[in-house]
Amino acid sequence: MRREMSGRVFGGAGKGWNGRVENRAYRAVGLSVEKLECEDLQVVVLMGGLGSRLKEQTAGCPKPLVPIHGKPFFEYEFTLLLQAGFKRFVFLVGYRANMIEEYFGDGSRYGKDVSIQYSYDGEKLLGTGGAVIRALPLLDEDFMLIYADSFMDVDYFQIVYRYFVGKAAGRTALMTVMENGDRFDRSNVVYRDGEIKVYDKKNITPEMDCIDYGIEVFSREVFSEPALSAGEGAVDLSDIQKRLVEDNRCTACEETHRFYEIGTPASLAEFTKYAERRFIRPVSACFLDRDGVINEIVYNEDTEQLDSPLAVSQFTFLPGAVEGLKKLYESGMLLFVVSNQPAAAKGKAALSELYDINIYMIKELQKAGVEIAGAAICPHHPSGNDRAKERFLIRECGCRKPKPGLLLQIMKKYNIDPERSYMIGDSYTDILAGRDAGVRTAFAGDYKCDVCGRLEHIKPDIIGKDLAEIAERIAGAVDGEILQDVMK
């Protein structure tokens with residue numbers, strides 16, 4: 001079963017997807033920090049379970065060390081965390097703790113700044129909440145909590161960001177949620193307009209169409225309250241989280257990319273199959289710019305210029321874009337949206353609003369039968385604007401196109417074959433980023449002379465009037481390559 005979490009979007013959402021979302025806490029409080037990085041947040045990992053449903057696999061080793069294609073299961077998730085920038089970890093261990101500590105050690109073999117500390121359950125069963133309380137002497141003022149039997153590939157920076165904005169508004173926790181409809185486990189959350197209305201694992205109702213995703217962030221004070229430390233017996237996190245929701249003390253972060261877990265032989269087999277497709281077998285991918293390729297550019301009345309959408313209500317798919325994406329997806333390619341989104345750094349919107357737009361886009365595409373494997377944004381700008389409240393976004397970076405950082409970060413996480421992959425964009429920055437990442441390129445729109453000059457005479461591999469035309473040509477090329485491979 002999934003663990004319970006709780007949450008509410010900071011300040012509350014205004015009109016949901018049908019109107020501009022007003023993040024009131026951002027307007028009133030903001031996030032006035034000069035630096036915000038994943039490496040600044042400690043990660044606590046619950047890994048003390050017996051794994052009793054995996055009798056054959058866990059008879060000789062703890063669940064986090066169950067081998068998948070020659071690698072312990074948790075190392076897949078641990079690698080994602082390291083790639084996101086996290087460096088400080090506390091492992092809450094119990095069953096066969098010595099094996100876990102022997103394998104992961106103090107963390108130094110993963111990097112000179114990586115550290116792992118251990119907290120041990122002892123003989124008495126503590127429960128998930130009790131294990132955290134026992135580890136309090138090792139815990140920072142704020143920490144992220146995850147489970148070692150789950151694989152969760154998400155934008156971890158978004159989680160860190162939303163938590164600290166929520167904390168600035170007086171909240172002490174964050175919960176991640178996903179629209180579920182009982183697909184992966186029983187839904188246990190009522191989530192509406194950016195808020196968790198109800199969370200209850202023990203009393204499931206028909207209105208619950210979302211599920212707790214498996215990633216939480218807490219302020220240490222949540223577990224230091226006298227009512228918890230004075231209690232007897234095991235403490236369940238679900239009870240703590242339910243209370244946080246009821247007390248309006250929790251922020252929410254919606255996720256769209258499904259989780260995997262290995263609680264049963266069936267789910268273990270499912271992840272094993274997924275891991276082969278993702279990490280062992282090379283795959284082709286399409287990296288797509290967003291604005292002007294997938295959705296329409298909008299007129300910004302404040303600046304009197306064409307601009308990216310700054311709210312969900314302004315997002316509209318371009319004609320043929322959904323059909324083009326479906327053509328690419330059905331050809332077997334992984335789809336990634338990679339876009340520069342500096343509006344928050346320029347003071348035009350909150351970063352949360354930019355994330356909300358991508359969430360809306362992905363969910364609408366899912367309804368059309370298209371899965372986006374990931375949507376990565378560069379929210380930075382080298383000079384920004386004096387109006388920007390989130391000034392930690394104003395800096396030089398390696399992810400702002402034409403630099404290839406967004407693509408390279410994804411390619412580190414997936415076994416992508418660059419020779420069979422494309423970057424599709426409507427700007428010279430997209431084409432240069434694709435070339436520097438080593439993939440083929442496709443230009444959507446009129447190929448004008450000013451673009452030629454900025455490309456330094458580097459011609460894209462494909463030029464098409466829109467995404468639908470480009471997708472037709474790429475899908476045809478992919479089918480041709482597959483046929484050639486079969487005939488060899």
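Among contacts in the protein chain between residues at least 6 apart in sequence, what percentage join residues at least 24 apart? The share is 72%. Keep that in mind as you click around this predicted model.

**The whole chain**

Start by showing the whole protein chain as a cartoon. You will find 15 helices and 21 strands in it. The chain has 488 residues, and 54% of them are buried. Switch on a surface if you like: about 20800 Å² is exposed, with 49% of that area supplied by carbon and sulfur atoms.

Now colour by pLDDT. The average over the protein chain is 87, and 85% of the residues score at least 70. Select residues 1-29, where the pLDDT is below 50; in the model this stretch still has 126 contacts beyond near neighbours in sequence. Then select residues 482-488, where pLDDT also stays under 50. For residues 482-488 the model has 0 contacts beyond four places in sequence.

**A parallel sheet**

Next, select the strands E18, E17, E14, E19, E20 and E21. These 6 strands form an open sheet in the order E18-E17-E14-E19-E20-E21, with parallel pairing. Look at the edges: strand E18 (374-378) and strand E21 (462-464) each have a single partner strand, so one side of each has no neighbour in the sheet. On average, neighbouring strands here are turned by 20° against each other, direction ignored.

Zoom in on strand E14 (residues 285-288) and strand E17 (residues 334-340), which pair in the parallel sense over 4 bridges. Pick Leu288 and follow it across to its bridge partner in E17, Val337.

Move along to E19 and E20. These strands run parallel and are joined by 4 bridges. Pick Ile424 here, and you will find that its bridge partner in E20 is Ala442. Is strand E20 (residues 440-444) largely enclosed or largely open? Strand E20 is largely enclosed by the rest of the structure, because 4 of its 5 residues are buried.

**Helices across the sheet**

Keep the sheet on screen and add helix H11 (residues 351-367). This helix lies across E17 and E18, and runs at about 155° to E18.

Now add helix H12 (residues 405-413). Helix H12 lies across E14, E17, E18 and strand E19 (422-425), running at about 150° to E17. Which residues of H12 are buried? Show the side chains of Leu406, Leu407, Ile410 and Met411, which are among them, and mark Gly405, which is buried too. An α-helix has 3.6 residues a turn, so residues three or four places apart point the same way. To see what covers the buried residues of H12, display E14, E17, E18, E19 and helix H13 (428-437), which are included in that cover.

**A cis peptide bond**

Stay in this region and select Lys401 and Pro402. A cis peptide bond joins the two, with omega about 25°. Pro402 sits in the loop between E18 and H12.

**A hairpin and its turn**

Go next to strand E9 (189-192) and strand E10 (195-199); the loop between them holds Asp193. E9 and E10 run antiparallel and are joined by 4 bridges. Pick Arg192, and look for Glu195 opposite it in E10. The hairpin has 2 residues between its strands, and Asp193 takes a positive phi near 50° there. Asp193 is a residue other than glycine with such a positive value. With a relative accessible area of 48%, Asp193 is partly exposed.

There is another positive phi to visit. Select Asn248, in the loop between helix H8 (237-246) and strand E12 (250-255). Its phi is near 60°, again in a residue other than glycine. Asn248 is partly exposed, at a relative accessible area of 31%.

**A buried lysine**

For the final stop, select Lys63 in the loop between helix H2 (55-58) and strand E2 (67-68). Is Lys63 buried or exposed? Lys63 counts as buried because its relative accessibility is 13%, and the cut-off for buried is under 20%. Show side chains here and add Asp149: the side chains of Lys63 and Asp149 make a polar contact at 3.2 Å.

Conventions. Residues are numbered from 1 along each chain as its sequence is written. This is a predicted model: local features need pLDDT of at least 70, side-chain atom pairs count only at pLDDT 80 or more; totals for chains, interfaces and linings use all residues. Side-chain values use heavy atoms; hydrogens and water are left out. Buried means under 20% relative accessible area, exposed over 50%, partly exposed in between (1.4 Å probe, protein chains only). Contact means heavy atoms within 4.5 Å. Accessible areas come from the Shrake-Rupley method with a 1.4 Å probe; for residues, only the protein chains shown count as cover. Two strands pair if DSSP finds at least two bridges between them. Axes are lines fitted to C-alpha atoms, for helices over the stretch in contact, and angles run from 0 to 180 degrees between N-to-C directions. pLDDT is the predictor's confidence in each residue, from 0 to 100. A polar contact is a pair of N or O atoms within 3.5 Å; within protein, one must be able to donate a hydrogen and the other to accept it, and residues adjacent in sequence count only if both atoms are side-chain atoms.
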